[in-house]
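I opened a fresh page for this one and went through the sheets and the helices that lie on them. Here are my notes, in the order I looked things up.

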Amino acid sequence: MLLRVNEKEIDIPEGSNIRNAINISKAPYLEGCVLGVVKGKEEVERHVNKFSIKTTKGSIIIELIPESSPNLVKTWKDRYKEFENLRVRWTSSNEVSIGPIKTELEPTRDVYPYERWDVIMSLSGFTADATHVILSKTKHEAIYGAPEDNKGVFAKVIGGKKTIIELTDRDFIEKVEPVLERRSIIKSAAITDPDTKIMEGNEIFTYILVKPTFKSPRAAEHFFALSEEQKLKIDYESNSFLGFYNLQGLEIEQEYVDQRRRGTVTLRNTGKGIGRVYIYREDRVSTPSHSIIGYVDRGMQLLDIARYGDYVTFKTDPDRIITLSMTQKEADDYLTEKGIKQIREGLDDDKAVIVKQEPRYTMDIINKKQAKTYGIREDEIIYVDINDVAPRSSWYFKKITGLLDSPVGSLKVHFAFPGMKVMMFKGSQKDSKLLIPENTPKKCVKAGEIGVTNISRKYLGMIGVRFENNDEFGPTGEPFDGTNIIGKIVKGLENLEKFKEGDIVYVSRKSKS
């Protein structure tokens, strides 16, 4: 049986389920994510009430009036494609005529009044073999041979009125197509699981493809980091947009600002909710507080039916380019495959681990077609395991180190005194204001455990680690009730003692061994 997966037609055996279709089509999909199943194109178009008429002068948008003229609307939906490639038949001060086509409508010989921007079925010569569509430019009366049903009026012009005024009998209709809106999709689509049976003609949507813009390299990189696992949870849902908040709080300066049309992906760049990502279901005007990340290239239908709390499979084109935590040799192979020239800096040995790349952002690297990769010895990197028991403090640590959106981050040594068996790192006063006590130690702080001073103490936000167990004070020298434990060093603790005050320490959550 024939059906479509992500808009590509496939032929699969009768009785198949969605999982079979995904496997046969090799469609991108991560287990546990939402899936969309639409009964078929005809079913979707049954709920569509807006159509775009593309002419050689521009596009016209009409909105149907199904409650007033159901028979005429049905005729239009059955025959609209027949108007493609037809010439504008005539124009006058009152109307523009398009056609003719053949229908089964019944004409009348009555004079009817019409309003400006009415869309009328006209039966020229009082015969259905010469059915035209009339676009009314003025309020007027006329005999169009129109059916009795609502005087032949089946739609209203809602867009492209200037185009109608400019049309002449030398213009053509290039294309007529339905305008798909969210309400058109959700009436004929369902969220389902991969083992649901499917039928011939079904359309299945498994993932979202986002194409970032080169005009916002920082915002694009934010989205690359957000979608790194190719699976995003919907944190907010409305009729107008969906929100993804996992990197909320990360500051990204304003970049490209434009209209937020349906399918636009934006980044909140200031104010409350900074760092949030939004995808628009409906058009919205531009605002300086939203940078354009890019646009949904495929799968908008899936976003139309997804709900708050759903997980959605995401892909980007291009993929993110990031060499951090790779060896110089691994980065060489990786960049060469992408057509990017590598320039090694720092330690350029094949086994050196990369802790910085320049440019930092994928879109800039693609533009320049080269990347500088700065390597250091692998034993100079401190590998950490950050837990979720103290969520605010863990988030704080990942933000100020850069681990929220990168596999390698850094800390600046604030205090290191030989023999004290403790090292402290500079924090962020601005980001530490909400560090309430959480996961405070009870009996003993073990060597290698990472602590953050909470809001109960003067030096809140300070980060520290001890090199030996202590039964009295935490990693930042504070009593236990002033210390939040966020994780531990899993590799490199013995090398950390070698660093001095003012040194930069590179940290990573991805160990090479």
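Before starting on strand partners, I wrote down the rule I rely on: two strands count as paired if DSSP finds at least two bridges between them. I also noted that this is a predicted model.

**Entry 1: the barrel**

I traced the strand order first and found a closed barrel of seven strands, β27-β32-β30-β31-β29-β28-β33, with mixed pairing. I then looked up the angle between neighbouring strands of this sheet, which is 40° on average, direction ignored.

**Entry 2: around β29**

I picked strand β29, residues 422–425, and asked which way its side chains go. V422 and M424 point one way, M423 and F425 point the other way, and all are buried.

Next I checked both neighbours of β29. With β31 the strand runs antiparallel, joined by four bridges. Here I have F425 down as the bridge partner of I463 in β31. With β28 the pairing is also antiparallel, over three bridges, and M424 of β29 is the bridge partner of F415.

I looked at the turn as well. The hairpin of β28 and β29 has five residues between the strands, and G419 takes a positive phi near 95° there.

**Entry 3: the other side of β28**

I followed β28 (residues 408–416) across to β33 (residues 504–508) and found them antiparallel, with five bridges between them. V408 stands opposite S508 of β33.

Which helix lies across these strands? I found α10, residues 391–401, lying across β27, β28, β30, β31, β32 and β33. Its direction is at about 100° to β28.

**Entry 4: the open sheet**

I moved on to an open sheet of eight strands, ordered β17-β23-β16-β22-β20-β21-β19-β18, again with mixed pairing. Its edge strands are β17 (231–233) and β18 (236–237), each pairing on one side only.

Inside the sheet I checked β16 (residues 208–212) against β22 (residues 290–298): they pair in the antiparallel sense over four bridges. P212 stands opposite G294 in β22.

Helix α6 packs on this sheet, touching β16, β17, β19, β20, β21, β22 and β23. I noted about 55° between the direction of α6 and that of β22.

**Entry 5: helix α6**

How many of the 10 residues of α6 are buried? I found nine, so I wrote "mostly covered" beside residues 217–226, taking buried as under 20% relative accessible area. Among the buried ones are P217, E221, H222, F223, F224 and L226.

Technical notes:
Residues numbered from 1 in each chain as written. Predicted model: local features only at pLDDT ≥ 70, side-chain atom pairs only at ≥ 80, totals over all residues. Heavy atoms only, no water. Helix = DSSP H or I, 4+ residues; strand = E, 2+ residues; numbered from the N terminus. Axes fitted to C-alpha atoms, helices over the stretch in contact; angles between N-to-C directions. Contact = heavy atoms within 4.5 Å. Buried < 20%, exposed > 50% of the residue type's maximum accessible area, 1.4 Å probe, protein only.
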